[in-house]
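Please examine the fold displayed below. The discussion that follows starts from a turn in the backbone and proceeds to the surrounding helix, a strand residue and the nonpolar interior.

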Amino acid sequence: MIVGILGDTHGRVESAKAAVAILREHGAEFLIHCGDVGSPLVLDQMAGTAGAFVFGNNDWNHRAMERYASDLGIQCLGLTGELELDGKRFVVLHGDDTRLMRQLIEQQEHDYLLFGHTHLKAERQEGRVRLINPGALHRAAVKTVATLDTRSDALKFHIVTSL
């Protein structure tokens, strides 16, 4: 399965639109947003592809966004959530709670930990857990998203230029 990963859109709809188009072009079958969505209009861009998101520290009115996402068929994972995709265990959070991140890494219960918050793309392995930050679509020198092939474990970062 190809998983498309994005985050830190901060309501930038045009950047989100361009990002989702790139993820779909690269075969994304499931989209995961790592928080700081910023606007329900960003979720509109994800509609039509199975997906999920978490709230970031700049997301407000959680209930309204959760209801809106549900109407679009996008799963809201709250502040932190787990998914199993293609037999792999994912945990998704925004990344602003560093204590929780450390706990999840120490537990070694997931194959992947997806996060955002820093606005910097990153990837590293800590024991069993592969940590992936797709980068950001706002306040980033280079806007990036990522695709992850769960079968081959191949991760690719993609540069996004807004429309």
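In this predicted model, Gly27 follows helix α1 and has a positive phi, near 90°. The helix that precedes Gly27 covers residues 13–25, 13 residues in number. From first C-alpha to last, α1 reaches 18 Å, close to the 18 Å expected at 1.5 Å a residue.

Several residues of α1 are buried: Ser15, Ala16, Ala18, Ala19, Val20, Ile22 and Leu23. The buried residues of this helix pack against four strands and a helix, namely β1 (2–6), β2 (30–33), β10 (144–149), β11 (154–159) and α2 (40–46).

One of the residues in strand β2 is Phe30. Its relative accessible area is 9%, under the 20% cut-off, so Phe30 counts as buried. Although Phe30 and Gly4 are 26 residues apart along the chain, their C-alpha atoms are separated by 6.1 Å. Beyond residues up to four places away in sequence, Phe30 touches Met1, Ile2, Val3, Gly4, Thr49, Ala50, Gly51, Ala52, Leu83 and Leu85.

The largest nonpolar core has 22 residues, of which Leu43, Phe53, Val145 and Val160 touch the most other members. Two or more residues each come from α1, α2, α3 (62–72) and β4 (74–76), and α1 gives the most, with six. Apart from this core lies another, of 19 residues, including Met1, Leu77, Phe90 and Leu155.

Val145 is in contact with Ala19, Ile22 and Leu23, among other residues more than four places away in sequence; these three are buried residues of α1. Further contacts of Val145 include Ile5, Leu6, Pro134, Phe157 and Val160.

Technical notes. Residues are numbered from 1 along each chain as its sequence is written. This is a predicted model: local features need pLDDT of at least 70, side-chain atom pairs count only at pLDDT 80 or more; totals for chains, interfaces and linings use all residues. Side-chain values use heavy atoms; hydrogens and water are left out. The expected span of a helix is 1.5 Å times one less than its number of residues. Buried means under 20% relative accessible area, exposed over 50%, partly exposed in between (1.4 Å probe, protein chains only). Contact means heavy atoms within 4.5 Å. A nonpolar core is a set of buried Ala, Val, Leu, Ile, Met, Phe, Trp, Tyr and Cys residues joined through side-chain atoms within 4.5 Å.
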